[in-house]
Amino acid sequence: MRLFKQKEEFRKVLISWYLREKRDLPWRRTSDPYHIWVSEVMLQQTRVETVISYFERFIDKYPTVFDLATANEEELLKVWEGLGYYSRVRNLQSGVKEVAANYGGIVPSTRGEISKLKGVGPYTAGAVLSIAYNIPEHAVDGNVMRVLSRILLIEDDIAQPKNRKIFEEVVMELIDKEDPSSFNQGMMELGALICTPKPKCLLCPVQQFCGAFHEGKQEELPVKLKKVKKKIVPVFSFALQNEKGEWLLMKRPETGLLANMWEFPMIEMEKNISAEQALYEKFGVKIKHLSPEIRFKHIFSHLTWEIQSFHGIINELPLKQFQFFSEEEVEALPMPVPVLKIWTELKSR
DNA sequence: AAAACGGGGTC
DNA sequence: GACCCAGTTTT
């Protein structure tokens with residue numbers, strides 16, 4: 001392909017564009033591998049603008065590997081609250097603990113070692129190695145696959161896991177050995193700013209290298225076939241107070257959806273059961289008066305909750321496994337966004 | 001290989 | 001409503 005003869009020119013153009021146009025982001029003001037690592041984990045499936053404030057707060061609170069290694073898990077979840085994919089932060093702490101214990105607090109600098117850390121997959125490994133240590137390793141994310149599929153007219157389905165290897169091999173052929181950090185970040189920045197799903201080819205610094213542009217196929221690439229059919233799950237949510245005005249919250253299981261987050265008791269709605277019946281059957285609690293609160297949908301990547309929330313007062317003696325919290329205590333617990341939404345609504349009354 | 005795993009911005 | 005975002009882990 002044409003590009004093969006112009007690899008050096010491509011690198012030069014890409015990197016000079018990147019150095020000129022790159023956004024000023026907090027994690028670009030540091031070379032601390034741990035800080036870079038944190039940013040990469042936060043950025044997984046998450047937009048840059050969303051991550052910025054979380055990153056600054058997180059680094060402020062946990063400036064070193066050792067600060068994070070010794071952090072309290074519930075406090076950690078609270079800092080992550082609203083970011084989503086909460087297993088990321090538990091895996092991150094697990095990985096950081098290993099670095100503190102087995103690597104003297106120094107993030108390892110080989111793909112073999114860093115990839116063994118919890119939460120560090122092929123992308124994050126390559127990103128930390130190239131950005132923090134300037135090692136020529138591939139870091140293939142959605143941006144890079146989109147950019148390369150267009151430049152090289154790669155029509156393999158990027159939703160298929162086995163095809164990721166194609167892009168990794170291309171990057172290893174193409175990467176700049178002198179400045180792999182700017183090369184990888186340049187590819188991603190290009191995907192974020194120019195080679196977007198709806199590409200801005202007229203502004204593109206590497207337009208001359210782009211096979212898709214020459215053939216007018218930039219809108220058709222990359223090929224991505226996977227389609228997910230989402231389930232709809234109707235749920236009841238019960239905000240219950242005891243006679244002292246305290247709130248009943250329950251901690252979700254330690255694995256699965258929203259692991260270890262706190263919520264008002266929630267019940268998946270079956271058949272045409274009433275809220276009162278559901279509450280009695282699941283928790284053995286009888287409520288005199290259950291008043292309907294807000295109804296709304298909460299959309300996850302793989303399912304949708306249709307939430308009907310209720311408010312009620314518990315008069316009878318609560319079971320011992322139930323925990324009640326004051327308003328201040330509730331606010332300190334990590335809660336997922338749909339629960340925060342109900343809570344905010346209740347407080348506004 | 002496919003599904004699970006959050007939340008929000010955009011067109 | 002569909003897409004998709006600096007993906008990884010579990011099944």
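Here are some worked exercises on a predicted model of a protein chain with two DNA strands.

Before starting: residues are numbered from 1 along each chain as its sequence is written, while chains are lettered from A and ligands numbered from 1 in the order in which they are written. Local features need pLDDT of at least 70 and side-chain atom pairs count only at pLDDT 80 or more, with totals for chains, interfaces and linings using all residues, and side-chain values use heavy atoms, leaving out hydrogens and water.

**Exercise 1. Describe chain A as a whole.**

Step 1: Start with secondary structure. Chain A has 16 helices and seven strands (DSSP runs numbered from the N terminus: H or I of at least four residues for helices, E of at least two for strands).

Step 2: Get the dimensions. Along the principal axes, the C-alpha atoms occupy a box of roughly 80 × 50 × 35 Å.

Step 3: Check burial. Of the 349 residues in chain A, 52% are buried (buried is under 20% relative accessible area, exposed over 50%, partly exposed in between, with a 1.4 Å probe and protein chains only).

Step 4: Look at contacts (heavy atoms within 4.5 Å). Take those in chain A between residues at least 6 apart in sequence: 67% of them join residues at least 24 apart.

**Exercise 2. Work out how the protein meets DNA strand B.**

Step 1: List the neighbours. There are 20 residues around DNA strand B, and Arg47, Tyr85, Tyr86, Leu258 and His298 come nearest (a residue is near a strand if one of its heavy atoms lies within 4 Å of it).

Step 2: Ask which part of the strand is touched. Sugar and phosphate make up 59% of the atoms of DNA strand B within 4 Å of the protein.

Step 3: Sort the surface by class. It has nine nonpolar, eight polar and three charged residues (nonpolar: Ala, Val, Leu, Ile, Met, Phe, Trp, Tyr, Cys and Pro; charged: Asp, Glu, Lys and Arg; polar: the others, Gly among them).

Step 4: Pick out polar contacts to bases (N or O pairs within 3.5 Å; within protein, one atom must be able to donate a hydrogen and the other to accept it, and residues adjacent in sequence count only if both atoms are side-chain atoms). A backbone N or O atom of Gln45 sits 3.0 Å from a base nitrogen of DNA strand B, and one of Leu83 is 3.5 Å from a base nitrogen. Ser301 uses its side chain: an N or O atom there is 3.5 Å from a base nitrogen of DNA strand B.

**Exercise 3. Now do the job for DNA strand C.**

Step 1: Count the neighbours. DNA strand C is surrounded by 23 residues, with Gln45, Gly119, Tyr123, Asp141 and Arg146 the closest.

Step 2: Split the strand atoms. Of those within 4 Å of the protein, 67% belong to sugar or phosphate, and the rest to bases.

Step 3: Find the elements involved. Helix 3 (33-43), helix 9 (122-133) and helix 10 each give at least two residues to the surface near DNA strand C, which by class has seven nonpolar, eight polar and eight charged residues.

Step 4: Go through some side-chain contacts. An N or O atom in the side chain of Arg28 is 2.8 Å from a base nitrogen of DNA strand C, and a polar side-chain atom of Arg47 is 3.0 Å from a base oxygen. For the backbone of the strand, a polar side-chain atom of Thr124 lies 2.9 Å from a phosphate oxygen.

**Exercise 4. Characterise the packing of helix 10 against helix 11.**

Step 1: Take the geometry. Helix 10 (residues 142-151) and helix 11 (residues 164-174) pack at about 75°, their axes 11 Å apart (axes are lines fitted to C-alpha atoms over the stretch in contact, and angles run from 0 to 180 degrees between N-to-C directions).

Step 2: Classify the angle. Helix 10 is therefore roughly perpendicular to helix 11 (under 35 degrees is roughly parallel, over 145 roughly antiparallel, 65 to 115 roughly perpendicular, the rest oblique).

Step 3: Name the residues. Helix 10 brings Val144, Met145, Leu148 and Ser149, and helix 11 brings Phe167, Val170, Val171 and Leu174. By class, that contact has seven nonpolar, one polar and no charged residues.

**Exercise 5. Place Asn242 in its surroundings.**

Step 1: Locate Asn242 in the loop between strand 1 and strand 2 (247-251).

Step 2: Asn242 counts as buried because its relative accessibility is 7%.

Step 3: Leaving out residues up to four places away in sequence, Asn242 touches Ile313, Ile314 and Phe324. A polar atom of the Asn242 side chain also lies 2.9 Å from the backbone nitrogen of Lys244.
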